[in-house]
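Hi everyone, thanks for making time today. I'd like to walk you through a structure that may be new to most of you. Let's put it up on the screen and go through it together.

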Amino acid sequence: MLNWTALTEAQILLFALIFLRMVAFVIASAFFGAGNIPAPVKILLSLILSVLLFPIVKIGNVDYLTISNEIISLAIRELMVGLLLGFLTRIFFFVVSMVGDLIAMSVGLSAGQMYNPLLGTSGNAMESFYSTLGTLVFLAINGHHILIRAIVESYTLVPVSSLSLNVGPFAEMAMFGQTTFILTIKMCAPVLVTILLVNLSMGILGRAVPQINVLVTSMPVSIMIGMTVVFICLPLMVSEMNGLVEITASQLFKVMKAL
């Protein structure tokens with residue numbers, strides 16, 4: 001068992017590096033870093049996880065003396081790794097939020113704004129609905145366990161105090177952004193296509209029967225049909241969210257292996 005009262009200076013610096021990556025990951029991650037979670041709770045969670053991991057973490061290709069000499073460079077590196085991994089965990093919720101935003105714009109509900117505590121921003125009602133649904137799906141499939149396992153394995157795949165950092169995965173993240181937009185369009189495609197057909201139908205109806213005020217009539221019709229399609233497609237949406245979590249997790253571990 002590790003004797004915490006007899007730690008050397010180098011071991012204390014090593015623990016500080018582990019804590020820096022952990023706190024950067026927790027603050028930048030989607031679930032643990034939510035805006036409605038107080039900062040002291042995030043720091044306490046980071047400290048507890050760091051204490052649990054410290055006895056089993058292996059250092060990189062430097063010794064304890066090098067840790068003392070390169071502490072500033074190593075601290076910046078650990079912060080970058082933690083923030084990068086934490087940002088990757090937000091991709092799932094970014095996609096879910098964009099789906100809700102696009103659906104709200106197409107249906108006509110984008111005017112009503114409300115606070116989204118998960119992302120810490122203001123959004124419309126549909127965005128908040130999909131964010132809440134995504135959070136429930138995320139918890140149902142133990143997504144928070146995936147986050148903890150990812151940060152634990154990061155200390156093996158990306159050793160602490162290693163002086164090298166491969167920047168190649170940053171370019172892959174840009175390409176993965178394209179994939180997220182494609183997934184967003186796929187998830188909200190049924191509603192977008194339905195609203196497009198409704199607008200075309202209302203346009204044809206307005207030309208055929210000029211007495212009908214299409215601008216006034218089309219809004220409630222679009223909202224009614226759009227919300228009907230949303231609730232009909234909920235099982236499909238949940239299935240897509242499950243696949244999105246798997247894609248996000250695979251991308252996260254892929255980046256960690258390449259760092």
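Among contacts in the chain between residues at least 6 apart in sequence, 82% join residues at least 24 apart; contact here means heavy atoms within 4.5 Å. Before I go further, please keep in mind that this is a predicted model, where local features need pLDDT of at least 70, side-chain atom pairs count only at pLDDT 80 or more, and totals for chains, interfaces and linings use all residues. Residues are numbered from 1 along each chain as its sequence is written, and side-chain values use heavy atoms, with hydrogens and water left out.

Now the overall layout. The chain has ten helices and two strands. Both kinds of element are DSSP runs numbered from the N terminus, helices being H or I with at least four residues and strands being E with at least two. If you trace the sequence, the order is α-α-α-α-α-β-β-α-α-α-α-α.

How much of the chain is buried? Of its 259 residues, 42% are buried. Buried stands for under 20% relative accessible area, exposed for over 50%, and partly exposed for anything in between, with a 1.4 Å probe and protein chains only. As for the outside, the chain exposes about 13100 Å², and carbon and sulfur atoms supply 71% of that. Those areas come from the Shrake-Rupley method with a 1.4 Å probe, and for residues only the protein chains shown count as cover.

Let's zoom in on helix 4, residues 71-89. Its 19 residues should span 27 Å at 1.5 Å a residue, and the end C-alpha atoms are indeed 27 Å apart. The expected span is 1.5 Å times one less than the number of residues. Many names appear on the buried list for this helix, including Leu74, Arg77, Glu78, Val81 and Leu85.

You may have spotted two charged residues in that list, and they bring me to salt bridges. How many salt bridges does a search of the whole structure find? It finds three, where a salt bridge is a side-chain nitrogen of Lys or Arg within 4 Å of a carboxyl oxygen of Asp or Glu. In one of them, Arg21 pairs with Glu78, and the closest N and O atoms are 2.7 Å apart. This pair links distant parts of the chain, with Arg21 in helix 1 (residues 9-28) and Glu78 in helix 4, 57 residues apart. Arg21 counts as buried because its relative accessibility is 0%, and Glu78 is buried at 0% as well.

Glu78 also meets Arg77 in a salt bridge, at 2.8 Å from N to O, and both of these residues are buried. Put together, Arg21, Arg77 and Glu78 are linked in a network of salt bridges.

The other pair is Glu153 with Arg149, whose closest N and O atoms are 3.5 Å apart. Both lie in helix 7 (residues 143-157), four residues apart, about one turn of the helix. Why does that spacing suit a pair? An α-helix has 3.6 residues a turn, so residues three or four places apart point the same way. Are these two buried or partly exposed? Glu153 is partly exposed at 30% relative accessibility, and Arg149 is partly exposed at 42%.

Next, have a look at Met256, in helix 10 (residues 234-258). Met256 is buried, with a relative accessible area of 0%. Leaving aside neighbours within four places in sequence, Met256 is in contact with Leu85, Ala150, Ser154, Leu157 and Val158. Met256 and Val81 are 175 residues apart in sequence, yet their C-alpha atoms are 8.8 Å apart in space.

Helix 6 (residues 125-140) deserves a quick stop too. Its 16 residues reach 22 Å from the first C-alpha to the last, close to the 22 Å expected at 1.5 Å a residue. Buried residues there include Met126, Tyr130, Leu133 and Phe138. After helix 6 comes Asn142, whose phi is positive, near 60 degrees.

What about cysteines? A search of the whole structure finds zero disulfides, a disulfide being a pair of cysteine sulfur atoms within 2.5 Å. Cys188 is buried at 0% relative accessibility, and Cys233 is buried at 18%.

Last stop, back at the surface: Leu47, in helix 2 (residues 39-53), is partly exposed, with a relative accessible area of 36%. Leu47 joins Leu44, Ile48, Val51 and Leu52 in a nonpolar surface patch with about 430 Å² of accessible area together. Patches are made of residues with over 30% relative accessible area and no salt bridge, joining like charges within 9 Å and nonpolar side chains (Val, Leu, Ile, Met, Phe, Trp, Tyr) within 5 Å. Thanks for listening!
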